[in-house]
Amino acid sequence: MDLGIKGKRALVCAASKGLGRGSAEALAAEGVDLIINARGAEALQQTAADLTDRYGVSVQAVAADITTEAGRAKVLDVAGPIDILVNNAGGPPPGHWTEWTREDFIKALDANLLTAVALIQATVPGMIERKWGRVVNITSAAVRSPIPILGLSNTARTGLTGFVAGLSRDVAKHGVVVNNLLPGLHATDRADSLDGSAAQAEGISIEQARARRQSGIPTGTYGSAADFGAACAFLCSQQAKFIIGQNLLVDGGTLNVTM
Ligand code: NAP
């Protein structure tokens, strides 16, 4: 299916690896020009070069911490007017609710709520003026089914979900479509690190921890960054114009609910 977005410009945050990269790649495959970001310059430049080679699109790489005001300013300066925004950042560390301090919460809120809000505030007014825009926020399946050890993530991401619920309905009349994409378990560095934490906590090997986590997924496997990216590109498509303020789970059926 032609998603009808060839020649659009997208900013994909936290995109040198994992789900951000998968999303950037799926957009590049549709002919979308990209601005991609991550903190580490080397992997970011490598990703930019790969995507340009494979898809022939323009890819500008901006190394910066997207969760800081200075980092966002640097990225937005290079990006200029954009049609598509994919909000993403690293997730907060696991832990126990008895240990989290006010500073831990502020850091999680900054990274996984206020960064997305700031980038939306900076870019959506331009989309409204141009009467077309797409925003996809990468959140987590944890907003539907909380993960106790990821309480910092549960808290910040449900806050973003509430913000998007109102915002998406407000801007829809201008052709701006805003949705959230909720990853379940995907094979990325983040999943490796959570497998490692689970292995340590339970005194088992990483392979055992992974097998245990995979056994809870109806597909029997982790998702891939490409699976996730395909869903992201669809939410950025022309065809998605009537999908407003939704929270789409990409979790292999893990959440055991009827609706
Ligand atoms: P990942 O494989 O660890 O990749 C993270 C990417 O984000 C890297 O490119 C990293 O590059 C970049 N990044 C991290 N912090 C950044 C920052 N402050 N500023 C700019 N770039 C930053 O993670 P992932 O699995 O793709 O996860 C993406 C998001 O989805 C995370 O918030 C995660 O919590 C959430 N999620 C993932 C899963 C899963 O199973 N994978 C499930 C649910 C939710 P640098 O380190 O060089 O900055």
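A residue counts as buried when its relative accessible area is under 20%. The legends below describe close-up views of a predicted model.

**View A. Surroundings of Ser168 in helix α5.** Ser168 has a relative accessible area of 0%, under the 20% limit, and is therefore buried. Two backbone oxygens are reached by the Ser168 side chain: that of Val164 at 2.8 Å and that of Ala165 at 3.2 Å. Leaving aside residues up to four places away in sequence, Ser168 touches Val178, Ile244 and Gly245.

**View B. Packing of helix α4 against helix α5.** Two packed helices are described by the angle between their axes and the distance between the axes. Here helix α4 spans residues 102-130 and helix α5 residues 151-171; their axes come within 8 Å and cross at roughly 20°. Because angles under 35 degrees count as roughly parallel, α4 and α5 are described as roughly parallel to each other. Their crossing is right-handed. On the α4 side the contact is made by Asp104, Phe105, Ala108, Leu109, Asn112, Leu113, Ala116, Val117, Ile120, Val124 and Ile128. The α5 side contributes Leu152, Thr155, Ala156, Arg157, Gly159, Leu160, Phe163, Leu167 and Val171. Sorted by class, this contact of α4 with α5 has 15 nonpolar, 3 polar and 2 charged residues.

**View C. Surroundings of Leu182 in strand β6.** Strand β6 covers residues 176-183. Leu182 has a relative accessibility of 0% and so counts as buried. Its C-alpha lies 4.8 Å from the C-alpha of Ala141, although Leu182 and Ala141 are 41 residues apart in sequence. Not counting residues up to four places away in sequence, Leu182 touches Thr139, Ser140, Ala141, Val143 and Arg144, among others. The residues touched by Leu182 also include Phe228, Asn247, Leu248, Leu249 and Val250.

**View D. Ala14, a loop residue with positive phi.** Most residues other than glycine have a negative phi. Ala14, by contrast, has a positive phi, near 50°. Ala14 is found in the loop that runs between β1 (9-12) and α1 (18-29).

**View E. Lys131, a loop residue with positive phi.** For Lys131, phi is near 65°, again a positive value in a residue other than glycine. The loop holding Lys131 lies between α4 and β5 (133-138). Helix α4, residues 102-130, is the helix shown packed against α5 in View B.

Definitions and conventions: Residues are numbered from 1 along each chain as its sequence is written. This is a predicted model: local features need pLDDT of at least 70, side-chain atom pairs count only at pLDDT 80 or more; totals for chains, interfaces and linings use all residues. Side-chain values use heavy atoms; hydrogens and water are left out. Axes are lines fitted to C-alpha atoms, for helices over the stretch in contact, and angles run from 0 to 180 degrees between N-to-C directions. Helices (H or I, at least four residues) and strands (E, at least two) are DSSP runs, numbered from the N terminus. Angles under 35 degrees count as roughly parallel, over 145 as roughly antiparallel, 65 to 115 as roughly perpendicular and the rest as oblique. A crossing is left-handed if the near helix is turned anticlockwise from the far one by less than a right angle, and right-handed if clockwise. Contact means heavy atoms within 4.5 Å. Ala, Val, Leu, Ile, Met, Phe, Trp, Tyr, Cys and Pro count as nonpolar, Asp, Glu, Lys and Arg as charged, and the others, Gly among them, as polar. Buried means under 20% relative accessible area, exposed over 50%, partly exposed in between (1.4 Å probe, protein chains only). A polar contact is a pair of N or O atoms within 3.5 Å; within protein, one must be able to donate a hydrogen and the other to accept it, and residues adjacent in sequence count only if both atoms are side-chain atoms.
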